[in-house]
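Biologist: I should like a close look at a single helix of this protein and at what surrounds it. Please then continue to the neighbouring parts that can be described residue by residue.

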Amino acid sequence: MSGDSYTIGAVVLMAGQSTRMVNGNKLLQFIPGSGVVEEIVAEQTIRAIQQASFSPIVVVTGHDATEIEKVVEPLGVQCLYNPQYIEGMGTSISVAFEQIDSWDAALLALGDMPFVSSAVYSTLRRTAAQYPKQIIVPTYNGKRGHPVVFPSQFFPQLRLCTGDVGAKRILQSNLEHIRFVEVNDESIFWDVDTRALLNRYAKAQQDPQSQERIVQEWRRDVPAL
């Protein structure tokens, strides 16, 4: 199927309470060393998705909604407010997909993963167009990461998401419909829950020579990965 005739939008989840970031909302943090003008986490996440030609893009807000909307709306995205955001990620997924019925597929992305590259997003988009009935999941060294592309036949199930489980149950119950795509990018695991993680990932991205050492330190500190 031609990518040009296949509509793949993006749903970006930005409603969480950001409880582990002591300096405020993680989505509103500046990324150190990201350029002459430092970008904010939410902004960099959206720009990478846009560079991979996902359109339209829907951002689900909740906690600090007004401040996040000020950052992302100038980028041309649509914002949806989730009044039940405190109940968990699943409610944000449900809110978004209640409004979506004309897309062929949807990228489901986390707003706190600003280091996922546009190249990874592009790979997912191309693969989704090639396999329009499959759920597309990126892997690195065989381990699953984010984001994920869902074809439209799964939208009814996404509308039923609740609580803090998100779309995990859909993946677990549809293993035969998943197509894994190996990417050479460990950032598919990198969410910036704390300032220390944000600083570490930013340094790893900007300094390729020290990236292996930095990532090894990160793996040591996050043994559950």
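Modeller: The model is a predicted one, and the helix chosen here is α4. The buried residues of α4 are covered by elements including β1 (8–14), α1 (41–51), β4 (105–110), β5 (135–140), β7 (148–151) and β8 (178–182). The helix itself runs over residues 118–130 and has 13 residues. From its first C-alpha to its last, α4 reaches 18 Å, close to the 18 Å expected at 1.5 Å a residue. Its buried residues are V120, Y121, S122, L124, R125, T127, A128 and A129. As background, an α-helix has 3.6 residues a turn, so residues three or four places apart point the same way.

The view may now be widened to the core. In soluble globular proteins, nonpolar side chains tend to be buried together. Here the largest nonpolar core holds 73 residues, of which V72, F97 and F150 touch the most other members. Leaving out residues up to four places away in sequence, F97 touches V11, A106, L108, F155, L158 and R159.

A second site is Q153, in the loop between β7 and α5 (155–159). Q153 counts as partly exposed because its relative accessible area is 36%, between the limits of 20% and 50%. Beyond residues up to four places away in sequence, Q153 touches P132 and K133. P132 is 21 residues from Q153 along the chain, and their C-alpha atoms are separated by 9.9 Å. With K133, a polar atom of the Q153 side chain lies 3.1 Å from the backbone oxygen.

Helix α3 (residues 89–98) offers a further polar site, T91. With a relative accessible area of 10%, T91 is buried. Its side chain makes a polar contact with the side chain of N82 at 2.8 Å, and the T91 side chain also reaches the backbone oxygen of G88 at 2.7 Å. Apart from neighbours within four places in sequence, T91 is in contact with N82, Q84, Y85, C161, T162 and G163.

One of those contacts, C161, leads to the cysteines. C161 has 8% relative accessibility and therefore counts as buried, the limit being under 20%. C79 counts as buried as well, at 18% relative accessibility. A disulfide is a covalent bond between the sulfur atoms of two cysteines. The structure holds zero disulfides.

Definitions and conventions: Residues are numbered from 1 along each chain as its sequence is written. This is a predicted model: local features need pLDDT of at least 70, side-chain atom pairs count only at pLDDT 80 or more; totals for chains, interfaces and linings use all residues. Side-chain values use heavy atoms; hydrogens and water are left out. A disulfide is a pair of cysteine sulfur atoms within 2.5 Å. Buried means under 20% relative accessible area, exposed over 50%, partly exposed in between (1.4 Å probe, protein chains only). Helices (H or I, at least four residues) and strands (E, at least two) are DSSP runs, numbered from the N terminus. The expected span of a helix is 1.5 Å times one less than its number of residues. Contact means heavy atoms within 4.5 Å. A nonpolar core is a set of buried Ala, Val, Leu, Ile, Met, Phe, Trp, Tyr and Cys residues joined through side-chain atoms within 4.5 Å. A polar contact is a pair of N or O atoms within 3.5 Å; within protein, one must be able to donate a hydrogen and the other to accept it, and residues adjacent in sequence count only if both atoms are side-chain atoms.
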